[in-house]
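Here is a walk through one protein structure, taken a few residues at a time. Keep the sequence and the 3D view open as you read.

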Amino acid sequence: MTSPAPTALPPAFRRIGWSNLAAQFSEQIALAAAPLAAVLLLGAGAAETGWLQTAQTLPFLLLSIPAGLAVDRMSRRGLMVGAEAIRALSLLAILALLGLGNLSMPWLAALGFLGAIGTVVYSVAAPALLPTLVPRAQLAAANRWLELARSTAYAGGPALGGALVGWTGAPAAYSLATTLSVLAVMLLAGLPREPAQPHGRRKLVHDIAEGARFVAGHALLRPIVLTAILFNTGWFVLQAVYVAYAVQHLDMSATEVGVSLGIYGGGMVLGALGAPLLASRISFGTTIAIGPLAALCAASVMALTIHWPSPALAYLGFFLFGAGPVLWSITTMTLRQAVTPSGMLGRVSALIMTATFGTRPLGAAIGALVAQRFGAPACLLVSLAGFAAQFLVIMASRVPQLRAVPDAEPA
């Protein structure tokens, strides 16, 4: 394993890079283990795994804005440490229930909800903390290395989680996830304390409204948010039923399901590694647009499995889901950090997360309802419609026309 950050970036960033790698590995192992444990140990079907996904993503909708307000007022380092500690405790509780033989779907959902609270706070605080540790000229490189660490976790975490569940059972997967989460807490605790946020007397409603006006009025952020809303809705309609669909309709084993999710991460790794080469050959806006295009192609490939139930098609679809959208993550994060005032980064990140990640429980609930009424294959068609819409939205905007990262909000 190599360091997730190059020596040219500040030492504090390297600590964030390692903690991000550990936290992301922990999360991906646990996310792969949860639906597999539900299907294989608790006898859950597509609808039940859909509701499980809803519970595990609901904090993104409910808590992103409160987290953003906290990030603009409190120590971002302290919030990240506390957030990861919450996730570690939730994983430890699941591990204890498995050991006692008392794990149930309600417990799995409730503790998944608790762990996601930690993910929400961490995800809002990290983009706001990064510009205080890394010079503006290095933000794109820093974001790329963070995405590379995340991609590595997406490649190895699900495959490892699926293999552990399939070979030795869920306790081994949750033991490793808990250990990695505790390691992330320790790394984050070693970050330097940042200066206090100069907020004075500010009103919550005013702060939220100010951030919302900024995002809604920005010619570049507005279509990016709408595209991300449609992407996440379509993605979680698919994610809600994928494990049950793969096991019951594609005859895939737990290990093969983990491998397919690992291939998704492998696509992310290749996309992140190829980002500098693409950036040197095509425009910034074109790089952003590759993500929605690749997602549409991936959803089309997944829909083909309805008529040709081949694991190979699922592998190809998940590779495309990883390789293209990771470019979107890197470039749109850089764009957001470049055009947003420092004092608003927490609120803007929270609002964008609420609008985009907040659609995850909506997508999962749609997947559960569609699967319950029409079956899991219908969810793949609903997901495809969402990915078609997100591609049309971004292509109709000014974003693909950007030649480079803008210095300020366009007129």
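A salt bridge is a side-chain nitrogen of Lys or Arg within 4 Å of a carboxyl oxygen of Asp or Glu. With that in hand, a search of the whole structure turns up two salt bridges. The model is a predicted one.

Start with Arg87, in helix α3, and its partner Glu27, in helix α1. The two form a salt bridge, and their closest N and O atoms are 3.9 Å apart. Because Arg87 belongs to α3 and Glu27 to α1, the pair ties together parts that are 60 residues apart in sequence. Are these two partners buried or exposed? Both Arg87 and Glu27 are buried.

Arg87 also meets Glu84 in a salt bridge, at 2.4 Å from N to O. This pair sits within one helix. Arg87 and Glu84 are three residues apart in α3, so about one helical turn separates them. An α-helix has 3.6 residues a turn, so residues three or four places apart point the same way. Burial is the next point. Buried means under 20% relative accessible area. Arg87 has 6% relative accessibility, so Arg87 counts as buried. Glu84 counts as buried because its relative accessibility is 0%. Through shared partners, the salt bridges join Glu27, Glu84 and Arg87 into one network.

Stay in the same helix for a moment. Ser90 is found in helix α3, which runs over residues 76–100. A polar atom of the Ser90 side chain lies 2.7 Å from the backbone oxygen of Arg87. Ser90 is at 3% relative accessibility and therefore counts as buried. What does Ser90 touch, leaving aside residues up to four places away in sequence? Its contacts are Leu111, Leu114 and Gly115.

Now move to the surface. Leu40, Leu41 and Leu42 form a nonpolar patch there. Together they have about 270 Å² of accessible area. Leu42 is in the loop between α1 (11–40) and α2 (46–71). Its relative accessibility is 30%, so Leu42 counts as partly exposed.

Next comes α8, which covers residues 221–249. Ala228 is found in this helix. Ala228 counts as buried because its relative accessible area is 11%. Not counting residues up to four places away in sequence, Ala228 touches Trp328 and Thr356. Compare its position with that of Gly266. The two are 38 residues apart in sequence, and their C-alpha atoms are 22 Å apart in space.

Gln239 is another residue in helix α8. With a relative accessible area of 17%, Gln239 is therefore buried. It touches Gln53 and Phe318, again not counting residues up to four places away in sequence.

Follow the chain into the loop between α8 and α9, where Asp251 lies. Phi of Asp251 is near 55°, a positive value in a residue other than glycine. Is Asp251 buried or exposed? Asp251 is exposed, because its relative accessible area is 65%.

Phe318, which Gln239 touches, leads on to another helix. Phe318 is one of the buried residues of α11. The others listed as buried there are Ala314, Gly317, Phe321, Gly322 and Ala323. What covers them? The cover includes α8 (221–249), α9 (254–281), α10 (284–304), α12 (325–339) and α15 (376–395).

The length of α11 can be checked too. Helix α11 has 13 residues, 311–323. At 1.5 Å a residue they should span 18 Å, and the end C-alpha atoms are 18 Å apart, so the two values agree. At the start of α11, a side-chain oxygen of Ser310 reaches to within 3.1 Å of the backbone nitrogen of Ala312.

Finish with Ala365, whose place is in helix α14, residues 359–374. Ala365 has 15% relative accessibility and so counts as buried. Where along the chain is Ala47 relative to Ala365? The two are 318 residues apart along the chain, yet 8.9 Å separates their C-alpha atoms. Ala365 touches Trp51 and Thr54, not counting residues up to four places away in sequence.

Note on methods: Residues numbered from 1 in each chain as written. Predicted model: local features only at pLDDT ≥ 70, side-chain atom pairs only at ≥ 80, totals over all residues. Heavy atoms only, no water. Patch = residues over 30% accessible without salt bridge, like charges linked within 9 Å, V, L, I, M, F, W, Y side chains within 5 Å. Areas by Shrake-Rupley, 256 points an atom, 1.4 Å probe, with all protein chains shown as cover. Helix = DSSP H or I, 4+ residues; strand = E, 2+ residues; numbered from the N terminus. Buried < 20%, exposed > 50% of the residue type's maximum accessible area, 1.4 Å probe, protein only. Expected span 1.5 Å × (residues − 1). Contact = heavy atoms within 4.5 Å. Polar contact = N/O pair within 3.5 Å; in protein donor to acceptor, adjacent residues only side chain to side chain.
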